[in-house]
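User: Hi, could you walk me through this one? I'd like to start with how the parts fit together.

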Amino acid sequence: MASTSASAGVLLRHVRTGRARSRADLVALTGASRNTVSARVDQLISANLLEEGGRGWSTGGRPPTLLRFNSRAGCVLAVDLGVTSVDVAVTDLSAQILGTVGHPIDIADGPGPVLAEVDRLAQQVLAEVGLTPGDVCAVGVGVPGPVEFSTGRPSHPPIMPGWHDYPVPSAFGRYDCPVYVDNDVNVMALGEMGVAGSVQDVLVVKVGTGIGCGIIVDGRVYRGAQGSAGDIGHIHVAQPDGRTVVCRCGQDNCLEAIAGGGALLRDAVAAGLPVATVREVVRLAAQGDGVALGLVRDAGRTIGTVLASLVNFFNPHRIVMTGGVAQAGVPLLAGIREAVYRRSMPLAARALEVTVSEAPDLSGRVGAALMAIEEFLDEDSVQALAR
Ligand SMILES: [Zn+2]
């Protein structure tokens, strides 16, 4: 176990996340010998991933040489693929965006035309920031549907006709580097965590047309046995009036059939509001329209009853709401908080924070970058680089 807990990847992670700033810190954190740590640090320095800079405070004796992660050792491509638009960013190895470009697309055009457009945008943004395909260490892609993470292939994505089983990584052949593909909710969840190194347990709940949840355990995405963890949109919800709503999955009374964006629009139209999109319902609520406010708050309460169960089961530090319906902000949160705090066990709810994403548009790109960086800088690839 000593060899894994002080592997090059682990040492790099301690420095990247700010837990260690010197060889002495690494020795103290890992319990490995000073010689072992020094040899691996030297390998990481020659691989350009660590650099030495300055002197730390001495605690008696010679002050330690400080170590820094060289986040400019390479770059990653981050692709946030939506239903109607795509954003492509180039970031450094700490997920700082160096350049970004967006373009409208129609995901239903299929993988050929859409990924050709992504390729064009990627080349454009790389050129804009003065980098070449050879500088790209890894590619991260978020797509609006379920993905088999190990192969990067979408799996029966309901709103991506023509994409089932398509090998998305094959579209990035010119970069000769690993390509990681995951569903947009998991990717956004990583983006909400921000920089690497958080060890929090967080649920990131996206309420758009559907409802999905990214599960972050100890700062990392939890995908489950088949990769479908967090698919909370199809959890059954009891209806107080005994009403039955059929979900697009064929089951009755799924959460998203009652409280998702599609349901909100349906109920708003039925209530006589002059709206054609869920965005318009959200806007009316923001303007204080009583009927729209009531519908958004009810949706929040329904989502909150499911989240209360998840809080009892998972005991997260935080819940972050994101997606188009989450833009409704206060009235949605009010409904969610009411149900969560009323129905969760006191110990689990005591320090729980429920918030709305501060940068929902950015989290897809930052998350795709973080996914690529974390996977790329894992054990094996760092080991290979530092050899
Ligand atoms: Zn369903």
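User: How many salt bridges cross the interface of domain 1 and domain 2?

Analyst: Happy to help, and please keep in mind that this is a predicted model. The rule finds 2 salt bridges across the interface of domain 1 and domain 2. There is a salt bridge between the side chains of Arg-13 and Glu-374, at 2.5 Å from N to O.

User: Which helix gives the most to the side of domain 1 that touches domain 2?

Analyst: That is helix α2, residues 8-16, with 6 residues on that side. Sorted by class, the side of domain 1 that touches domain 2 has 7 nonpolar, 3 polar and 2 charged residues.

User: And how many residue pairs are in polar contact across that interface?

Analyst: The rule finds 2 such pairs between domain 1 and domain 2, both at pLDDT 80 or more.

User: Let me back up a bit. Where are the domains in the chain?

Analyst: Domain 1 covers 2-69, domain 2 is made of 75-177 + 363-385, and domain 3 covers 202-356. The C-alpha centres of domain 1 and domain 2 are 32 Å apart.

User: What area is buried between domain 1 and domain 2?

Analyst: It is about 790 Å², and carbon and sulfur atoms give 59% of that. Of the area that domain 1 buries against domain 2, Arg-16, Leu-49 and Phe-69 supply 46%, more than any other three residues. In terms of contacts, 12 residues of domain 1 meet 8 residues of domain 2.

User: Great. Switching topic: is Gly-53 buried or exposed?

Analyst: Gly-53 counts as buried because its relative accessibility is 18%, and the cut-off for buried is under 20%. Gly-53 is part of strand β1, residues 50-55.

User: What does Gly-53 touch, leaving out residues up to four places away in sequence?

Analyst: With those left out, Gly-53 touches Leu-66 and Arg-68. Leu-66 is 13 residues from Gly-53 in sequence, and their C-alpha atoms are 5.5 Å apart in space.

User: One more residue, please. Where is Asn-253 found, and is it buried or exposed?

Analyst: Asn-253 sits in the loop between β12 (220-221) and α7 (255-259). Asn-253 is buried, with a relative accessible area of 7%.

User: Which backbone oxygen does the side chain of Asn-253 reach?

Analyst: The side chain of Asn-253 reaches the backbone oxygen of Arg-243, at 3.2 Å. Leaving out residues up to four places away in sequence, Asn-253 touches several residues, among them Ile-235, His-236, Val-237 and Ile-258.

Methods
Residues numbered from 1 in each chain as written. Predicted model: local features only at pLDDT ≥ 70, side-chain atom pairs only at ≥ 80, totals over all residues. Heavy atoms only, no water. Domains from an automatic or database assignment. Contact = heavy atoms within 4.5 Å. Buried area = accessible area lost by both parts, 1.4 Å probe. Salt bridge = Lys/Arg side-chain N within 4 Å of Asp/Glu carboxyl O. Polar contact = N/O pair within 3.5 Å; in protein donor to acceptor, adjacent residues only side chain to side chain. Helix = DSSP H or I, 4+ residues; strand = E, 2+ residues; numbered from the N terminus. Nonpolar A, V, L, I, M, F, W, Y, C, P; charged D, E, K, R; others polar. Buried < 20%, exposed > 50% of the residue type's maximum accessible area, 1.4 Å probe, protein only.
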